[in-house]
Amino acid sequence: MKAVVYKEPYNVAVEDVDDPRIEDPTDAVIRITTSAICGSDLHMYEGRTGATSGMVFGHENMGIVEEVGPGVASIRKGDRVVLPFNVACGFCKNCMAGNTGFCLTVNPGFAGGAYGYVSMGPYRGGQSEYLRVPFADFNCLQLPPGNEHEDDFAMLADIFPTGYHATELAQVSPGETVSVFGAGPVGLMAAYSAMLRGASRVFVVDKVPNRLQLAERIGATPVDFSKADPAEQIREQTDGEGTDKGIDAVGYQATAREGEEQPALVLNTLINSVRPTGILGVVGLYVTEDPGGPSESAKKGELLFAMGKLFEKGQRMGTGQANVKTYNRQLRDMIIAGRAKPSFVVSQRVPLQRAPEAYERFDKREEGWTKVLLKPRQ
Ligand code: NAD
Ligand code: ZN
């Protein structure tokens, strides 16, 4: 079958790889209908991780069940399903508590598994025609048959639940004000989720014009960080206080403002944007190692985080991978009921064959390339 294979930094190719097969009785094989490219894939694409040549990318997958192992009970051939990006067992201590992003079984020694992601287990990615799904009863979410809401449901594999998770970490409540850093797909989903939870005002910080326009289109207040210090811009619009809650959907790989030698850590700007005792939800990626980091400490992933400022303001913070399964059923039902339409972020649907070009343009944050869906059969 065809799959998106990582070759070297800034180079992926569509190549033939072995078809996946049932390896364990609890496996299923899915025929992929949609697999999205994620900002997380770009960390590997840009060569900033230990991703090795030959790896197949793709953790935002949905499709039709092609085959199930003899130990699979709840899904059958022909079912339409979406797969949380987390590969999880369902029975370890963390899974039992709903923390499926930190499954202790699937990736021993490193909490949490994912498809097609370096250091998150041996699971091949789904930017391909077929995908093997371990613990398939646990890792498939059933969808209504047909092809309605395909783009919306594709958002359930990662970014919609991840955006929602950010608002859960920050405990966003009705009537509150929220600062969201990053208007990439994850930040936009976090802003959208904050509104679904009844936030009164949501500021979205970025500098890419069409991403800020999308934020405005869903009712958020855009803040262009290239114009002036975003924390100051937010405080000015909140009686000098800052917002009640804050979300980091950028992570360690922030872009600098003009005139800045090194980009400020978004986390620190977020602390300055949120009022004392406010809560921060951090879903943007921070790594334990960044071989290309600008300094020795940055290479080790030790960033200059303003702990003193966090303490002084009595703020709290939640971090980590999203536990997709905790939210995806409810978010699916909101889509079916017409109460949520996360596909507003989707900008392109391209055949799998065009993945190399799509990676290049999405990586450049090219105007109009916000969220790309790869379609194996088009
Ligand atoms: P993305 O790279 O498309 O979006 C990041 C956005 O941040 C871009 O639009 C960029 O212009 C903006 N940005 C850069 N520097 C900034 C700054 N200083 N201030 C404000 N905005 C700035 O990626 P995405 O797909 O939206 O993902 C965002 C982050 O979330 C990535 O780090 C990704 O790895 C992470 N992620 C985490 C999870 C999770 O489970 N926790 C899941 C998916 C993605
Ligand atoms: Zn993703």
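Here are some questions and answers about this predicted model.

Residues are numbered from 1 along each chain as its sequence is written, with chains lettered from A and ligands numbered from 1 in the order in which they are written. As the model is predicted, local features need pLDDT of at least 70 and side-chain atom pairs count only at pLDDT 80 or more, while totals for chains, interfaces and linings use all residues.

Q: What radius of gyration does the protein have, next to that of a compact globule?
A: The C-alpha trace spans about 60 × 45 × 40 Å along its principal axes. The radius of gyration is taken over C-alpha atoms, and the globule rule is 2.2 Å times the number of residues to the power 0.38. With 378 residues, that rule gives a value near 21 Å for a compact globule, and the protein agrees with it at 20 Å.

Q: How many helices and strands are there in the protein?
A: Helices (H or I, at least four residues) and strands (E, at least two) are DSSP runs, numbered from the N terminus. On that basis the protein has 13 helices and 17 strands.

Q: Into which domains is the protein divided?
A: The bounds come from an automatic or database domain assignment. One part is made of two segments, and the split is domain 1 (2–158 + 323–375) and domain 2 (160–319).

Q: Which helix gives the most residues to the side of domain 1 that touches domain 2?
A: The domain centres, taken over C-alpha atoms, are 26 Å apart. Across the boundary, 21 residues of domain 1 are in contact (C-beta atoms, placed from the backbone, within 7 Å) with 21 residues of domain 2. On the domain 1 side, the elements giving two or more residues are α1 (39–45) and α12 (324–336). The top contributor, with four residues, is α12.

Q: In which order do the six strands of the open sheet run?
A: Strands pair if DSSP finds at least two bridges between them. The pairing in this sheet is parallel, and its edge strands, each paired on one side only, are β12 (221–224) and β15 (316–319). From one strand to the next the twist averages 20° (axes are lines fitted to C-alpha atoms, for helices over the stretch in contact, with angles from 0 to 180 degrees between N-to-C directions). The order is β12-β11-β10-β13-β14-β15.

Q: Which residues stand opposite Phe181 in β11 and β13?
A: Strand β10 (residues 177–181) pairs in the parallel sense with β13 (residues 243–248) over four bridges. β10 also pairs in the parallel sense with β11 (residues 201–206), over five bridges. Phe181 stands opposite Val205 in β11 and, in β13, opposite Asp248.

Q: Which residues of β10 are buried on each face?
A: In a regular strand the side chains alternate between the two faces of the sheet. A residue is buried if 20 or more other C-beta atoms lie within 10 Å of its own, exposed if 12 or fewer, and partly exposed in between. Five of the five residues of β10 are buried. One side has Thr177, Ser179 and Phe181, and the other has Val178 and Val180.

Q: Which helix supplies the largest share of the largest nonpolar core?
A: A nonpolar core is a set of buried Ala, Val, Leu, Ile, Met, Phe, Trp, Tyr and Cys residues joined through C-beta atoms within 7 Å. This one has 111 residues, with Ala28, Val81, Val180, Ala191 and Val204 touching the most other members. The largest share, seven residues, comes from helix α6 (residues 185–196).

Q: Is Tyr10 buried or exposed?
A: β1 (residues 2–8) and β2 (residues 11–16) pair in the antiparallel sense over six bridges, and Tyr10 is in the turn of their hairpin. Tyr10 has a positive phi of about 65° although it is not a glycine. Because Tyr10 has 12 C-beta neighbours inside 10 Å, it counts as exposed.

Q: How does Gln171 count, with its C-beta neighbours inside 10 Å?
A: Gln171 lies in the loop between α5 (159–169) and β10. Phi of Gln171 is near 50°, a positive value in a residue other than glycine. Gln171 has 15 C-beta neighbours inside 10 Å, so it counts as partly exposed.

How values were computed
Two residues are in contact if their C-beta atoms, placed from the backbone, lie within 7 Å.
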